[in-house]
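Reader: Hi! I have a structure to go through and would love some company. Could you walk me around it?
Author: Happy to, let's have a look.

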Amino acid sequence: MNRQAQAVVLFLVGGAVLRAGSTDLYLRYVKAGLRPLLLVAGAVLIVAAVATVWYELRRPRGGQHDDHEDTHDRDRDNGQGHGHDHGHGHGHAHRESWISWLLVLPLFALILVAPPALGSYSAVRTGTALQAPWGFPALPSGDPLKLSVDDYAGRAAFDHGRSLKGRKVTITGFIALDRGGAPYLTRMILSCCAADAQPIKVGLTGRTPPVLQPDTWLEITGTYSSRRTKDPVNNGVIPFIDVSRATPVPAPRDQYESPE
């Protein structure tokens, strides 16, 4: 692949990164806080592509032609047949250049196809990532209190609900059903990007809907429950919430959560 082609690939990669970073598409790949870095990376790639083209247009061509002629003359003086080898090498170079352009195909997939966020299929095959937090900051006032799934699960499992007792809370997630059909309200947690996404699961008890479909997004309002179970995948603790109301909601703009 020559430098002009390399510049085209750099420009396309930079454009794809900028497009993802300037829309909500980037949330399918990385956590929200990385948006500025994506925009800077895309801009740097585009500048590098423009600089490469500018350098190639300004570079003198005569020296390259003379070097080729000198090589041809030396081969002729040494009695080496150059015609057949040149033709074979020329065809091989063409094949390499066509193969190199296949690198562009994933870019079109990034631009044209938005992959779905990870959902129940991944969640039920991965053990809960719930870890004991460093501490439990005081909760703000309000009723009901809106919490992330990670925050509620951590307080319910490791603070034994002390900060949650007497409080009505609201958490939002999608439904995942284990192999036995038990429903969990789930959110995928990102440390950096979708490749390291892991689920946090909260069991449902109380006034749960009679029929729950996987990947349905629900806003759950309820109170702390002391009930717990073990995740069948990794034996991690799964706390429960006592449901008083379950309302179907659209999937949020950012379907992932970051660790609290």
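Author: Let's begin with N235, which sits in the loop between β5 and β6 (237-248). One thing to keep in mind is that this is a predicted model.

Reader: Okay, and what is the phi of N235 like?
Author: The phi of N235 is positive, about 65°, although N235 is not a glycine. Most residues other than glycine have a negative phi.

Reader: Is N235 buried or exposed?
Author: N235 is exposed, with a relative accessible area of 56%. The cut-off for exposed is over 50%, so N235 qualifies.

Reader: Where else should I look for a positive phi?
Author: Try D215, with a phi of about 75°, and again not a glycine. D215 belongs to the loop between β4 (198-206) and β5. Its relative accessible area is 40%, which makes D215 partly exposed. H160, the residue that follows α7, also has a positive phi, near 55°.

Reader: Good to know. Which peptide bond is cis?
Author: The one from D143 to P144, where omega is near 0°. P144 is in the loop between α6 (120-123) and β1 (145-146).

Reader: Switching topic: how many aromatic pairs are there?
Author: The structure holds one aromatic pair. F174 and W217 form it, with an edge-to-face arrangement, 5.6 Å from centre to centre and 65° between the planes.

Reader: Which strands do F174 and W217 lie in?
Author: F174 is in strand β2 (residues 168-177) and W217 is in strand β5 (residues 217-230), so the pair ties together parts that are 43 residues apart in sequence.

Reader: And are those two buried or exposed?
Author: F174 is buried at a relative accessible area of 2%, and W217 counts as buried at 8%.

Reader: Does W217 turn up anywhere else? I mean, which core includes W217?
Author: I'll come to that one once we've been through the main core.

Reader: Fair enough. Which residues in the largest nonpolar core touch the most other members?
Author: Y152, I171 and I241 do, out of the 26 residues in that core. The elements giving two or more residues to this core are α7, β2, β3, β4, β5 and β6. The largest share, five residues, comes from α7. To return to your W217 question, a second, separate core of 10 residues includes W217, along with M188, L190 and A197.

Reader: How much of helix α7 is covered?
Author: Helix α7 (residues 149-158) is mostly covered, with nine of its 10 residues buried. Among them are V149, Y152, R155 and A157. The buried residues of α7 pack against β2, β3 (183-189), β4, β5, β6 and β7 (256-257).

Reader: What does Y152 touch?
Author: Leaving aside residues up to four places away in sequence, Y152 touches L147, L164, V169, I171, V202, T223, Y224, S225, F240 and I241.

Reader: I noticed S225 in there. Where is S225 found?
Author: S225 is in strand β5, and counts as buried at 11% relative accessibility. Its side chain reaches the backbone nitrogen of R227 at 3.2 Å. Not counting residues up to four places away in sequence, S225 touches Y152, T205, F240, I241 and D242.

Reader: Then there's R227. What does R227 lie over?
Author: R227 lies over the face of F240, at 4.2 Å from the ring centre. You can see something similar at R125, whose charged end sits over the ring of Y121, 3.7 Å from its centre.

Reader: Last topic, the N-terminal helices. How many residues does helix α1 have?
Author: Helix α1 (residues 3-22) has 20 residues and reaches 28 Å from its first C-alpha to its last, close to the 28 Å expected. Its buried residues include A5, V9, A16 and V17.

Reader: And α2, how far does that one reach?
Author: Helix α2 (residues 35-58) has 24 residues and reaches 35 Å from first C-alpha to last, close to the 34 Å expected.

Reader: Which residues of α2 are buried, and what do they pack against?
Author: G42, I46, A49, T52 and E56 are the buried residues of α2, and they pack against α1.

Reader: Lovely, that gives me plenty to look at. Thanks!

Conventions. Residues are numbered from 1 along each chain as its sequence is written. This is a predicted model: local features need pLDDT of at least 70, side-chain atom pairs count only at pLDDT 80 or more; totals for chains, interfaces and linings use all residues. Side-chain values use heavy atoms; hydrogens and water are left out. Helices (H or I, at least four residues) and strands (E, at least two) are DSSP runs, numbered from the N terminus. The expected span of a helix is 1.5 Å times one less than its number of residues. Buried means under 20% relative accessible area, exposed over 50%, partly exposed in between (1.4 Å probe, protein chains only). Rings of Phe, Tyr and Trp (its six-membered ring) pair if their centres lie within 6.5 Å; planes under 30 degrees apart count as stacked, over 60 as edge-to-face and the rest as tilted. A charge sits over a ring if NZ of Lys or CZ of Arg is within 6 Å of the ring centre and within 35 degrees of the ring normal. Contact means heavy atoms within 4.5 Å. A polar contact is a pair of N or O atoms within 3.5 Å; within protein, one must be able to donate a hydrogen and the other to accept it, and residues adjacent in sequence count only if both atoms are side-chain atoms. A nonpolar core is a set of buried Ala, Val, Leu, Ile, Met, Phe, Trp, Tyr and Cys residues joined through side-chain atoms within 4.5 Å.
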